[in-house]
Amino acid sequence: MTINQSGWRPEAPLANGAGEQPTFTGNRALMLEEPLLFELGSTDRTGVDFEEAPAAPNRLAGLERGAINLPGLSEPETVRHYTRLSRQNYAIDLGVFPLGSCTMKHNPRLNERIARLAGFADIHPLQPVSTVQGALAVINLVGEWLCKLTGMPAVAMSPKAGAHGELCGLLAIRAALEARGDARQVILVPESAHGTNPATAAFCGYAVENIPATAEGRVNLDALKARLGPDVAGVMITNPNTCGLFERDMTAISEAVHAVGGLVYCDGANFNAIVGRVRPGDLGIDAMHINLHKTFSTPHGGGGPGAGPVVFSAALAPFAPLPFVEQTGDGAFRLVEEETAEDHHAHSFGRMVAFHGQMGMFTRAAAYMLSHGADGLRQVSGDAVLNANYILRQLEDVLDAPFAASGPCMHEALFSDSGMAPGFTTLDIAKGLIDEGFHPMTVYFPLVVHGAMLVEPTETESKAGLDQFIGALRSVAERGRAGDESLKSAPHFSPRRRLDETAAARSPVLAQRLLADQDD
Amino acid sequence: MRYLPLSDADRTQMLAAVGAASIDDLFVDVPAPARLSGPVEGLPLHMTEMAVERKLGALAKQNLAAGDAPFFLGAGAYRHHVPASVDHLIQRGEFLTAYTPYQPEIAQGTLQVLFEFQTQVVRLFGCDVANASMYDGSTACWEAIGMARRITRRTKAILSAGLHPHYVAVAQTMAKFTGDTLATAFPTLDGAGDDMARLLGAIDGETSCVVVQNPNILGHIADLGELAEGCHAKGALLIVVVTEPVSLGAIKSPGEMGADIVVGEGQSIGVGLQFGGPYLGLFATRDKYVRQMPGRLCGQTVDADGKRGFVLTLSTREQHIRREKATSNICTNSGLCALAFTIHMTLLGEKGLRELAAINHARASAAADVLAAVPGVELVNKAFFNEFTLRLAKPARPIVRALADRNILAGVPLGRLYADTGLENGLIVAVTETTTEEHVATLASALREQLA
């Protein structure tokens, strides 16, 4: 039995896949095993010092707390624990992170510096507005940029993530329809939509119906038109879509939906593909959310925070949520927190979050917008699309590219696992890529393609970096085509080898139980 | 355009490989009338790093930072000291620039942190299971009401008058569209306890849940045991909202008091004020409800070599599998804020958290006595943690504005939160470990002048 430095005893010998010699600590040079906090710390240890509490009456009404069982660590132990854990992560700072539809681009550190200025980071959401004029100006600035870049007249800044933005857009659609006494019940969602789209529509009380895709990976316009009718509240369409293609028929789709009295929601997650080159407002869209981390480089931090402002057409603008920022005649900013008699606030569907949205993301996005400017953002989408097409064309001879014949892709290239030796799948390609030192692409999405692999390089990858990635993916694909058995047990060199996800779901262990609990 | 690595020579070479004459040719699928021929009009061109710092730095200076003033605001967002190592560690690129851990073999860092986070939240709240963070307290509160609807198949939720009015507003927005009925009321300045009787009396066979905040919006704290029994006797769930998690270093946990779902705002620990966001939703419940719980879950498992590892699990509840049948549409969350919470909580440990809670309570209790001694000021609360409500002899909002002009951030006037409800003389005052005796003395003398 090997013993970890801190006393943690692994349940099984720490052999590794390559059959190398086990070590006394379980570590392998710079690859360090790290126990859980609960195995390292104790309830009498702390990494903070406090001043003496002043003498004052106890006003806790006899509700004093018993044992909590929260272990602590000293400051050096804490720094080491989380630094060691960080080294078990792949991140965009380490290399290409080609997650299609998720979009991982370079995170400029200037944005971090700006977001941490005390004037932005250390202000309370309920301070008098006279003391936060600069913060309101930043919200207004980001909102104005979003309106100009999308060609839409209004924006709601408060939604906290892309999926929250979808909710915001659909609530506005529903409020607008109800305001005209039109209780429509159906939202149409193309097959290629993000999974959040149907979930959002259902969450708002709508019946969800799917619209099939064409053989080219776009919305089937005829099928859509055939389904449109007076019961359809709207469509949720992703453009550019999740196959990495621009919906050529977007204008016709919008016209058809409007003709039957419905409204058009666009999932703007992929706005980074067209920013500075196409304004969604010119395509007849009524509402669209924008994931600030995807287009404007706010860091995603292992799963958020996001920010999902929503832009609205004139038809939906009066229904936008509260609160929002407005500039008054004298140039000062005010915060509208409740419906007022003024026309443009009277129909708001209400409040979606406690405060004003993701201020920390707005400051980062503002720094990115100003850094790039209108000219730079146009180059952003151009380079993102060029990089994706480069990958598509360099790999279509070894990887099946189902829609490559239909023209250029946008910001992401879609492949499938057909062409692999029998029994070799997308999962094997993905895990093989890990051994090459890359984060895999998005796998098994979109659902319209069997064994999908969606590769999104973004604009912040160099040609040399792309060439290395292309070489690695080519090599792994060739092993899959040849039926190289070692690929089936990849990854071999990562901190953990394939993890048993079935066991995790069958008998979930979601927290470290106390010994007393385990005895129950 | 310092963030773009491609040179013009690269672009020429790559366009040749792609078989396109120009980048514009890659946009052929966009209808021609919708294609812009140059940069979007009305926006400036690119700027240097130094110029951006200058412009945004000037805007930052237009704000009065909490650290530059005697500061007493709370009401759902609290100013605590965050140790330097928290911000340093969350800025490590391997955490900051990672995505959702979809490939667990190379995301064990984030996954182990989420497992530690879930465990800390479970213990803090006195529950069995916690999810791996939500957007914020207000949206977590709404998600909890939706979860109670799924579990009980009932649609009437009773909200305490002491629930943060913004949380109530979020629930009201959502209920308009989901068909839930919400019963709620405004708080009063006449002391604690009356709301509890109203809540107990309102529970009936149609009630899915009762939602109560502790400490509540006015700072009152209460034992919720009797309320939990009242809920359970009628088949309803008790949802407890905690907007100030530091309080749980001093006060009995909601789980111990019988709560079925506990949600909270995690901002107090590790995150900072940030003008309202990003914040961190906390969400925990009992084992038996885990499959009805929204949001991401991290679970322990083993790898092919038998080594312990972590994965995202029970994803069949989620939008990418169940689509329109998912428990929630939530996809991304507040992973980085959860990391900050976990690191700060690790630095505190139980010893530090108890000390932090004790100093918060003692300073608040001492401050309440100083402020209540000002003529025209009355302390409303009998029991509280680090936040209490004052009834002033005059409306609070103009006073708060006048004090802001003198760089004193005096608290949250109830008139800002509740329009036309007779609460305009109420002022919510929060006192934490960052508040000094000098700050309290400054506020007391300023109030004395204003109320004279």
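Just after helix H5 of chain B, Gly126(B) takes a positive phi of about 70° in this predicted model. The helix that comes before Gly126(B) covers residues 108-125 of chain B, which makes 18 residues, and it reaches 25 Å from its first C-alpha to its last, close to the 26 Å expected at 1.5 Å a residue. Because 18 of the 18 residues of H5(B) are buried, this helix is largely enclosed by the rest of the structure.

H5 of chain B also appears in the surroundings of a helix of chain A, for what covers the buried residues of H2(A) includes helix H1 (37-40) of chain A together with helix H3 (84-90), helix H4 (93-96), H5 and helix H11 (335-372) of chain B. The buried residues in H2(A) are Thr78(A), His81(A), Tyr82(A), Thr83(A), Arg84(A), Leu85(A) and Ser86(A). H2 of chain A runs over residues 75-86, and its 12 residues should span 16 Å at 1.5 Å a residue, which agrees with the 16 Å between its end C-alpha atoms.

Chain A as a whole contains 15 helices and 12 strands. A compact globule of 520 residues would have a radius of gyration near 24 Å, and the 26 Å of chain A agrees with this, while the C-alpha trace spans about 75 × 70 × 50 Å along its principal axes. Of the 520 residues of chain A, 65% count as buried, and among the contacts between residues at least 6 apart in sequence, 69% join residues at least 24 apart. The chain exposes about 16,700 Å², of which carbon and sulfur atoms supply 51%. Its charges number 40 positive and 59 negative, and the mean positions of these two sets are 3 Å apart.

Thr442(A), which lies in strand E11 (residues 442-443) of chain A, is 343 residues from Leu99(A) in sequence, yet the C-alpha atoms of Thr442(A) and Leu99(A) are 4.8 Å apart in space. Leaving aside residues up to four places away in sequence, Thr442(A) touches Pro98(A), Leu99(A), Gly100(A), Cys102(A), Ala452(A), Met453(A) and Leu454(A). With a relative accessible area of 10%, Thr442(A) is buried.

Tyr390(A), placed in helix H11 (residues 359-395) of chain A, is likewise buried, with a relative accessible area of 4%. Its contacts, not counting residues up to four places away in sequence, reach into both chains: Lys463(A), Leu466(A), Asp467(A) and Ile470(A) on one side of the list, and Met14(B), Ala17(B) and Val18(B) on the other.

Some loops of chain A hold backbone angles that deserve separate mention, and they are set out below.

| Residue or bond | Angle | Place in chain A |
|---|---|---|
| Gly304(A) to Pro305(A), cis | omega about 5° | Pro305(A): loop between H10 (292-296) and E7 (310-312) |
| Leu322(A) to Pro323(A), cis | omega near -5° | Pro323(A): loop between E7 and E8 (324-327) |
| Asn69(A) | phi near 65° | loop between H1 and H2 |
| Thr458(A) | phi near 70° | loop between E12 (452-455) and H13 (463-482) |

Asn69(A) and Thr458(A) are residues other than glycine that have a positive phi. Is each of them buried or partly exposed? Asn69(A) is partly exposed, with a relative accessible area of 31%, whereas Thr458(A) is buried, with a relative accessible area of 1%.

Notes. Residues numbered from 1 in each chain as written. Chains lettered and ligands numbered in written order. Predicted model: local features only at pLDDT ≥ 70, side-chain atom pairs only at ≥ 80, totals over all residues. Heavy atoms only, no water. Helix = DSSP H or I, 4+ residues; strand = E, 2+ residues; numbered from the N terminus. Expected span 1.5 Å × (residues − 1). Buried < 20%, exposed > 50% of the residue type's maximum accessible area, 1.4 Å probe, protein only. Rg over C-alpha atoms; globule rule 2.2 N^0.38 Å. Contact = heavy atoms within 4.5 Å. Areas by Shrake-Rupley, 256 points an atom, 1.4 Å probe, with all protein chains shown as cover. Lys, Arg positive; Asp, Glu negative; His and termini not counted. Charge placed at Lys NZ, Arg CZ, Asp CG, Glu CD.
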